[in-house]
There are 2 protein chains.
Amino acid sequence: MACREAASLEAALAQVAELCTARGVRLTAQRRRVLELVWRSDKPMGAYDILAAIQAEQPKAAPPTVYRALDFLLAQGLIHKLQSLHAYVGCAHPGQPHAGQFLICTACGEVTELADPGVEHSLGKVAAASGFVADAPMVELSGTCCGCRVDDE
Amino acid sequence: MACREAASLEAALAQVAELCTARGVRLTAQRRRVLELVWRSDKPMGAYDILAAIQAEQPKAAPPTVYRALDFLLAQGLIHKLQSLHAYVGCAHPGQPHAGQFLICTACGEVTELADPGVEHSLGKVAAASGFVADAPMVELSGTCCGCRVDDE
DNA sequence: GCTGTTATGTAATAACATAACGTTTTCCCC
DNA sequence: GGGGAAAACGTTATGTTATTACATAACAGC
Ligand SMILES: [Zn+2]
Ligand SMILES: [Zn+2]
Ligand SMILES: [Zn+2]
Ligand SMILES: [Zn+2]
């Protein structure tokens, strides 16, 4: 989400709470805590990173605690899983579940989520040409972001 | 590679041997065995599937045995890793290391490797627009292949 | 044959994820 | 407000994927 300032984070969480109410699903304390952690982080977080953070205030937490919350947040389209990193990031435009394209800088660890119509169109075309019905496109580009490339010189 | 017939498999392995010689790298017995296993399989193979197969004839094999061979084959562009499955498939057109797009049927497990210029172009454009230099595009589409969709009815 | 390099053996462990089952909480209908 | 179903959570154990670390062996060039 890239909204690390406390104010906008609180606002975003409030919006999410409304969204969940509207959908008839429950944003429990644990789910909210996990979502907040992921959103606060400027880097993708591994499940066990999240677990460690939660255990600071709730020592009884265990892997299922985290994975259940992550499953919920994924299903609600509030976070994404980066398969190439085994890590999770907040969604840049939460709402309906969706897939995006992710630019992953291997130098600084920053991740940018895109939703480029051109990419989505070409993926749709190529799938259709093969008679394939895609339900979960995964597009992850590892590389070097603009800032890190400049720094290299 | 989708070449499961013994004859073409042998031919392909011979070609690969030449390729490695030309590059000054060694296609050792273990690497060759792993490549053959992956190519023979009509489904993506997990590292531990490969390990189990190898241990049948070589009981001393251990995880690093397999992962080293896989690393070599990946570096040489002879196989691909499917991040969404934690599994490995033979490359459809081995040669230089490269990235493709993968259609993964969740019904039958078949994987199709594409190298669509349209997709690659749109990915290049979107990366360039962000000032991002991608070195490893990963595109995997989970869904249902043509054959399985027909069978469903 | 000596030497630096590449490949392999071996053991242990790290990192990521799920199964299984019982208990608690919440929600909804009566 | 009480009872029952569903959802969420606690807890323990285990499964699965991948790596570290260090010792040994095979190979190539001198
Ligand atoms: Zn998103
Ligand atoms: Zn960067
Ligand atoms: Zn390929
Ligand atoms: Zn299929």
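C148(A) is buried, because its relative accessible area is 11%, and buried here means under 20%, exposed over 50% and partly exposed in between, with a 1.4 Å probe and protein chains only. C108(A), by contrast, counts as partly exposed at 23% relative accessibility. Please bear in mind that this is a predicted model, in which local features need pLDDT of at least 70 and side-chain atom pairs count only at pLDDT 80 or more, whereas totals for chains, interfaces and linings use all residues. Residues are numbered from 1 along each chain as its sequence is written, chains are lettered from A and ligands numbered from 1 in the order in which they are written, and side-chain values use heavy atoms, with hydrogens and water left out.

Which residues donate to the zinc ion (ligand 2)? The SG atoms of C105(A), C108(A), C145(A) and C148(A) do, at 2.2 to 2.4 Å. Donors are N, O and S atoms within 2.8 Å of the metal (3.2 Å for Na, K and Ca); water is not among the atoms, so sites may look incomplete. The arrangement is tetrahedral because the 4 donor atoms subtend angles of 106 to 114 degrees; for four donors, that term requires all angles to lie between 85 and 135 degrees. Along the sequence, the spacing of these donor residues is C-x2-C-x36-C-x2-C. C108(A), in the loop between β3 (101-105) and β4 (111-114) of chain A, is thereby linked with C148(A) in helix α6 (residues 146-152), 40 residues apart. Helices (H or I, at least four residues) and strands (E, at least two) are DSSP runs, numbered from the N terminus.

I turn to chain B. The zinc ion (ligand 3) has as protein donors H80(B) (NE2), C91(B) (SG), H98(B) (NE2) and E113(B) (OE), 1.9 to 2.2 Å away. This site is irregular, with angles of 96 to 137 degrees among its 4 donor atoms. H80(B) in strand β1 (residues 79-82) and E113(B) in strand β4 (residues 111-114) of chain B are 33 residues apart, and both residues are buried.

Finally, the DNA. How many residues surround DNA strand D? There are 18, and the closest are T28(A), R68(A), Y48(B), Y67(B) and K81(B); near means that a heavy atom of the residue lies within 4 Å. An N or O atom in the side chain of K81(B) is 2.6 Å from a phosphate oxygen of strand D. Y48(B) places a polar side-chain atom 2.7 Å from a base nitrogen of DNA strand D.

Note on methods. Four donors count as tetrahedral if all angles lie between 85 and 135 degrees; four count as square planar and six as octahedral if opposite donors are over 155 degrees apart and all others between 65 and 115; anything else is irregular. A polar contact is a pair of N or O atoms within 3.5 Å; within protein, one must be able to donate a hydrogen and the other to accept it, and residues adjacent in sequence count only if both atoms are side-chain atoms.
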